[in-house]
Amino acid sequence: MWEFTDPLFDFARRRREPAVVQTLRSTAAAVISYVVALHLSSEPAPLTAPLTALLVVQVTLYTTLVTAVRRVNSVVVGVLLAVGFSSLVGLTWWSLGLIILAALVVGRFVKVGEFVPEVAISAMLVLGVTRVSATAWDRVLETLIGAGVGMLFNVLLAPPVWVDSAGGAIEELAARMRRLLVDLGDEVGGHTPVAQAAARLHEARRLDHDIAQVDASLRQAEDSLRLNPRVKEGLLSRVVLRTGLDTLEISAVVLRVVCRSLTDLAKERTEEHLFDPEVGLALRDVFEHLARAIESFAVLITTQVSTNAEEAEQRLTDELTAGRASRDRVADLLLAEVQRHPRQWQLHGALLAEVDRILDELDVEKRSQRLVEELDRLSREQRRRWHLLRRVRSRTQQALRLPEPEDRRS
C-alpha cells in the first residue's frame, strides 16, 4: 500500500480545519476583488482591493463584518486627513511626522480596533503623491471594493459553524482532567514519592494552558454563530458552551488545589503510604466517580442530539450521587484516622472541601440555574439595545420631519 505524504493531499484531507478554510476563502475573495478593481479603478495595479479582502475575509461571518467596517473606516479617515493636510502644506519631514501623529491619535477615537496603523498608512500613501484627490478617491474605491467583495463572499457563501471543533476541544480538555483524576485515584492508596506527586501537580497546572486554547476555539465558535443564517438557536448554543467551559475551568482550578494538597501530604509522609489502605480505596472510588462525572458533563454540553443529552445528564446525575456517597464514606474514615493520628489533619479537611467544590460545580440543578441566569442577562442586554435603537430612530425621524407651510397652517 502506498502512503500518501504529499502536502497537497494532506491539505485536502484537512479541508475542514479553520486554517484551511480561511486560506481558500481569502485567496478566492482577493482574486475576485482584484478583478473587479481592474474594471472600476484608474490605477494600473489596484492592489489595495485584494489587500482589503485578505484582511476582511475571516473564518466567521461576524468577524468579517466587524473587520470590514473597521477597515473601511480607517482608510476613509486616513484619506480625509491626507486631503486636509495636502491643501495646507506639502510633504516635508515635519508634515509627515505631524500627519502620522494626528492619524494615530484620531484612529484611537474612531474605534477602528487593530487598524489604527492603517489610518496613518493611508494618510502617508495619499500625501506622498502628486495627484492627491485622484489617488485618495482610488484608494477609497479599492478599499470599498475589497470590503464589499469580502462581505458578499461570506454572506452568499456563509462560513462553517465551528461548534463541532469547539466541542471537540472541550471534550479533549475533559478527557485530560479525567485521566488526571484516574491517575490520582491509582496513587492515593500506596506510597507516593514527592517527585511523583509534584509531577501530577505540574500536570494539573498545564491545564491552564489547555483552557486558554479551548477558550480561543470557543470564541471562534461563538463568532461563527452570530449573524449566521445557518443557525436558528445561536444564542442558546453559545451560552451552553460558554457556561460549560466556565464550569470546567473552575473544576480544573480546584483539581490543581487537590494535587497541591496531595503533594504537601507526600512531603510529610515520605516513608509511608499517603493514607491507610481502606481510606485509599475509598478515595480512589471518589476520584473515579469525579472522573466519569466530568466526562459526562463534557458530553452533556457538547452534544447536539436531545436523546444523547438526556443520557449524558442521567449519567452525570448518577455519578454525582455516587460520588457524594463515596465522599461521605471518606469523611467518616478520615475522621477516625485523624482521631487516632492527628497529623496533617488540615490537609485531610482541605481535600474533602476540594472534592465538595467539584461536586457542587458539576451539579445539574446549579448548571440549569446558571443557564437561566445567563440567558436572562443576555435577553435584558438585547432589549436595552433595541430600546436604544428605537429611541435613536424616533429622534431621527422627528429631526427630519419638515415643518408645515405657513399658508397650510392658516
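Let me start in helix 10, with Arg-260 and Asp-264, which sit four residues apart there, about one turn of the helix. They form a salt bridge, and the closest N and O atoms are 2.9 Å apart. Keep in mind that this is a predicted model. Arg-260 is partly exposed, with a relative accessible area of 29%. Asp-264 counts as partly exposed as well, at 26% relative accessibility.

That is one salt bridge. How many does a search of the whole structure find? The count is 18 salt bridges. I will go through two others.

One is Glu-187 with Arg-200, where the closest N and O atoms are 2.7 Å apart. Glu-187 belongs to helix 8 and Arg-200 to helix 9, so this pair ties together parts that are 13 residues apart in sequence. Is Glu-187 buried or exposed? Glu-187 is buried, because its relative accessible area is 12%, and the limit for buried is under 20%. This pair also has company: Asp-183, Glu-187, Arg-200 and Glu-203 are linked in a network of salt bridges.

The other is Glu-319 with Arg-292, with 3.1 Å between the closest N and O atoms. Here the pair links distant parts of the chain, since Glu-319 is in helix 12 and Arg-292 in helix 11, 27 residues apart. Glu-319 counts as buried, at 15% relative accessibility. Arg-292, on the other hand, is partly exposed, with a relative accessible area of 32%.

Stay with Arg-292 for a moment. Ala-175 and Arg-292 are 117 residues apart in sequence, and their C-alpha atoms are 9.5 Å apart in space. Ala-175 is found in helix 8 and is partly exposed, at a relative accessible area of 29%. There is a similar case in helix 10, where Val-257 has its place. From C-alpha to C-alpha, Val-257 and Glu-354 are 7.3 Å apart in space, with their positions 97 residues apart in sequence. Val-257 is partly exposed, with a relative accessible area of 35%.

Now the chain as a whole. What does its secondary structure come to? The answer is 15 helices and zero strands. Of the 410 residues in the chain, buried residues make up 42%. Among contacts with a separation of 6 or more, 77% are between residues 24 or more positions apart. The accessible surface comes to about 22800 Å², and 59% of that belongs to carbon and sulfur atoms.

Next, the interior. The largest nonpolar core has 63 residues. Which residues have the most contacts inside this core? They are Leu-173, Met-177, Leu-184, Phe-275 and Leu-290. Several helices each supply at least two residues of the core: helix 8 (163-187), helix 9 (194-225), helix 10 (234-268), helix 11 (277-302), helix 12 (306-340), helix 13 (345-361) and helix 14 (364-400).

Take Met-177 as an example from that list. Leaving aside neighbours within four places in sequence, Met-177 is in contact with Leu-207, Leu-248, Ser-251, Ala-252, Leu-255 and Ile-294.

Another buried residue to look at is Thr-143, in helix 7, which covers residues 132-156. Thr-143 has a relative accessible area of 1% and is therefore buried. What does Thr-143 touch, apart from its neighbours within four places in sequence? Thr-143 is in contact with Thr-48, Thr-52, Arg-71, Val-72 and Val-75.

Then the outside. A nonpolar surface patch of about 750 Å² is made by Trp-93, Trp-94, Leu-98, Leu-101, Val-105 and Phe-109. One of these, Trp-94, has its place in helix 5, residues 93-109. Trp-94 counts as partly exposed, at 43% relative accessibility.

Last, confidence. The average pLDDT over the chain is 78, and 78% of the residues score at least 70. Where does pLDDT stay under 50? That stretch is residues 1-5, for which the model has one contact beyond four places in sequence. Where pLDDT is low, the predicted coordinates should not be read in detail.

Definitions and conventions
Residues are numbered from 1 along each chain as its sequence is written. This is a predicted model: local features need pLDDT of at least 70, side-chain atom pairs count only at pLDDT 80 or more; totals for chains, interfaces and linings use all residues. Side-chain values use heavy atoms; hydrogens and water are left out. Patches are made of residues with over 30% relative accessible area and no salt bridge: like charges are joined within 9 Å, nonpolar side chains (Val, Leu, Ile, Met, Phe, Trp, Tyr) within 5 Å. Accessible areas come from the Shrake-Rupley method with a 1.4 Å probe; for residues, only the protein chains shown count as cover. A salt bridge is a side-chain nitrogen of Lys or Arg within 4 Å of a carboxyl oxygen of Asp or Glu. Buried means under 20% relative accessible area, exposed over 50%, partly exposed in between (1.4 Å probe, protein chains only). Contact means heavy atoms within 4.5 Å. A nonpolar core is a set of buried Ala, Val, Leu, Ile, Met, Phe, Trp, Tyr and Cys residues joined through side-chain atoms within 4.5 Å. pLDDT is the predictor's confidence in each residue, from 0 to 100.
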